[in-house]
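User: Hello! I am new to this structure and would like to learn how to read its features. Could you walk me through some of them?

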Amino acid sequence: MKDLSPKSGDLDPIETASHDEIEALQLQRMQWSLAHAYNNVAHYKASFDAAGVHPNDLKSLADLSRFPFTVKSDLRDNYPFGLFAVPRSEVNRIHASSGTTGQPTVVGYTKADLAMWDVVMERSLRASGLRRGDLLHNAYGYGLFTGGLGVHGGAERMGLTVVPISAGMTERQVRLIEDFQATGITVTPSYMLSILDEYRRQGLDPKKSPLQVGIFGAEPWTNAMREEVEQSFDMHAVDIYGLSEVLGPGVSCECVETKDGLHIWEDHFYPEIIDPQTGAVLADGELGELVFTSLSKEAFPIIRYRTRDLTRLLPGTARSMRRMEKVTGRSDDMIILRGVNVFPTQIEEQLMKVSGLAAHFQIELIKKGPMDHMIVHVEGTAPAGAILAGLIKSNVGVSAEVRAGDDNTVARSQGKAVRVIDNRTSG
């Protein structure tokens with residue numbers, strides 16, 4: 001793979017600032033953000049008052065722990081514009097979730113918010129190894145989902161040539177990557193596997209593709225999948241993180257020169273790690289739930305938002321700002337099977353060890369008598385499926401039935417992969 005490490009002179013000054021400089025900026029911006037939310041959003045005024053805190057109580061960054069959390073139900077309860085801190089007429093763009101599991105969650109952006117988004121997204125693309133003049137194949141979904149448009153703005157600001165192909169029509173994805181000679185691709189990791197399948201179906205050698213870097217996010221994925229993609233395409237695969245409630249893609253990103261965790265752009269987003277059960281703030285290095293407070297957002301400030309993503313905070317390496325470890329799963333995606341906590345990424349990690357199995361999988365949960373039962377659907381040979389069952393038993397600690405089918409028997413996703421189907425019934 002080509003060395004794509006950026007030169008130090010290419011970085012924003014804040015990326016290499018001292019820890020003291022970063023913290024001073026964070027405190028100043030956090031005091032503004034808390035006051036902005038309290039003075040302009042009825043929900044935050046009520047929640048702060050109920051907790052007995054006021055923005056003026058924030059004298060240090062540690063004081064943030066006194067303020068209440070924001071959770072997804074708060075967004076749904078204030079649908080559509082109840083959490084906006086500026087008049088709707090000052091909101092330049094609105095994004096929203098699909099609402100398939102309940103009331104949609106709606107977020108908004110002022111002109112300044114969109115400019116900030118472009119800045120952190122440009123940092124992320126540069127950290128991933130892309131440079132002005134490169135051609136970016138953007139296969140994230142466009143529309144109300146933040147992925148496509150979120151990447152797009154930062155890419156244009158950076159001076160990339162953007163192909164806004166969105167998701168779907170995989171045959172055309174491969175054709176345009178090859179015809180346009182795309183240098184980079186932004187896409188969910190699960191859909192990248194579908195693109196890999198299409199390369200092979202067309203008889204093309206993915207190692208000879210023009211791609212030099214893939215930027216993958218929107219769902220947890222393992223280092224084992226990174227190795228699969230990098231070896232198959234002879235390109236760098238880096239992780240990017242974001243969520244619409246906090247901004248969208250570009251909250252944090254891995255640096256291509258280290259790939260040792262995602263640097264959080266801490267001048268705009270303040271991270272905490274908490275115990276998912278008690279809500280207590282944990283020290284850097286401890287595993288827990290990721291919480292974010294926005295420091296500069298105008299339209300939609302977010303205070304101590306519980307992401308449900310599980311990770312830990314680590315010191316900076318390639319950049320001064322702290323890193324978050326690759327997300328291992330979500331606290332609300334955790335499967336509890338006969339008393340054992342299981343995350344889909346643990347199944348993926350074992351799957352990637354088995355030759356004779358494709359990288360696609362789906363977990364089905366059913367009742368077998370009075371007991372919960374896990375079925376792992378994969379593609380490949382029955383003997384390879386038996387090997388996977390043994391690895392899951394020995395390394396994850398649960399018994400799983402592995403059903404190995406023919407190619408394309410596991411459902412494909414053009415966006416976020418649906419890893420778990422819960423078909424358990426009560427009673």
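Analyst: Happy to. Let us begin with a term: buried means under 20% relative accessible area, exposed means over 50%, and partly exposed lies in between. Keep in mind that this is a predicted model.

User: Let me try that on D234. How does D234 count at 39% relative accessibility?

Analyst: At 39%, D234 counts as partly exposed, because the value falls between the two cut-offs. D234 sits in the loop between α8 (223–233) and β7 (236–243).

User: What about the backbone there? How should I read a phi angle?

Analyst: Here is the general idea: most residues other than glycine have a negative phi, and most peptide bonds are trans. D234 is not a glycine, yet its phi is positive, at about 55 degrees. M169 also has a positive phi without being glycine, with a value near 50 degrees. The loop that holds M169 runs between β4 (161–163) and α6 (170–180). M169 is exposed, with a relative accessible area of 52%.

User: You mentioned peptide bonds too. Which residues does a cis peptide bond join?

Analyst: Y79 and P80 are joined by one, with omega about -5 degrees. P80 belongs to the loop between α3 (72–77) and β1 (93–96).

User: Now the helices. How do I describe two that pack together?

Analyst: Two packed helices are described by the angle between their axes and the distance between the axes. Take helix α1 (residues 19–40) and helix α2 (residues 42–51): their axes come within 5 Å and cross at roughly 105 degrees. Angles of 65 to 115 degrees count as roughly perpendicular, and α1 and α2 are therefore roughly perpendicular to each other. From α1, the residues making the contact are L34, A37, Y38 and N40, while α2 brings A42, Y44, K45, F48 and D49. Sorted by class, this contact of α1 with α2 has six nonpolar residues, one polar and two charged.

User: Where is H43, and is it buried or exposed?

Analyst: H43 is in helix α2. With a relative accessible area of 17%, H43 is buried. Setting aside neighbours within four places in sequence, H43 touches D74, N78 and L83.

User: Which residues of α1 are buried, and what do they pack against?

Analyst: The buried residues of α1 are I22, Q26, M30, S33, L34, H36, A37 and Y38. They pack against α2, β10 (269–274) and β11 (288–294). You can also check the length of α1: at 1.5 Å a residue, its 22 residues should span 32 Å, and the end C-alpha atoms are 31 Å apart, which agrees.

User: Can we do that length check on helix α7 as well? What does α7 reach from its first C-alpha to its last?

Analyst: Helix α7 (residues 189–201) reaches 19 Å with 13 residues, close to the expected 18 Å. Ten of those 13 residues are buried, so α7 is largely enclosed by the rest of the structure. Among the buried ones are P189, M192, L193 and L196. Their cover includes α6, β5 (184–187), β6 (213–216), α8 and β18 (357–368). Just after α7, G203 takes a positive phi of about 75 degrees.

User: Since α6 is part of that cover, how do the axes of α6 and α7 cross?

Analyst: They cross at roughly 75 degrees and come within 9 Å. α6 and α7 are therefore roughly perpendicular to each other. The α6 side of the contact is T170, E171, Q173, V174, I177 and E178, and the α7 side is Y191, S194, I195, E198, Y199 and R201. This contact of α6 with α7 has five nonpolar, three polar and four charged residues.

User: Let us finish with a single side chain. What does the side chain of R323 reach?

Analyst: It reaches the backbone oxygen of D260, at 2.6 Å. R323 lies in strand β14 (residues 323–324), and R323 is buried, with a relative accessible area of 10%. Apart from neighbours within four places in sequence, the contacts of R323 include G261, L262, H263 and R312.

How values were computed: Residues numbered from 1 in each chain as written. Predicted model: local features only at pLDDT ≥ 70, side-chain atom pairs only at ≥ 80, totals over all residues. Heavy atoms only, no water. Axes fitted to C-alpha atoms, helices over the stretch in contact; angles between N-to-C directions. Helix = DSSP H or I, 4+ residues; strand = E, 2+ residues; numbered from the N terminus. Parallel < 35°, antiparallel > 145°, perpendicular 65-115°, else oblique. Contact = heavy atoms within 4.5 Å. Nonpolar A, V, L, I, M, F, W, Y, C, P; charged D, E, K, R; others polar. Expected span 1.5 Å × (residues − 1). Buried < 20%, exposed > 50% of the residue type's maximum accessible area, 1.4 Å probe, protein only. Polar contact = N/O pair within 3.5 Å; in protein donor to acceptor, adjacent residues only side chain to side chain.
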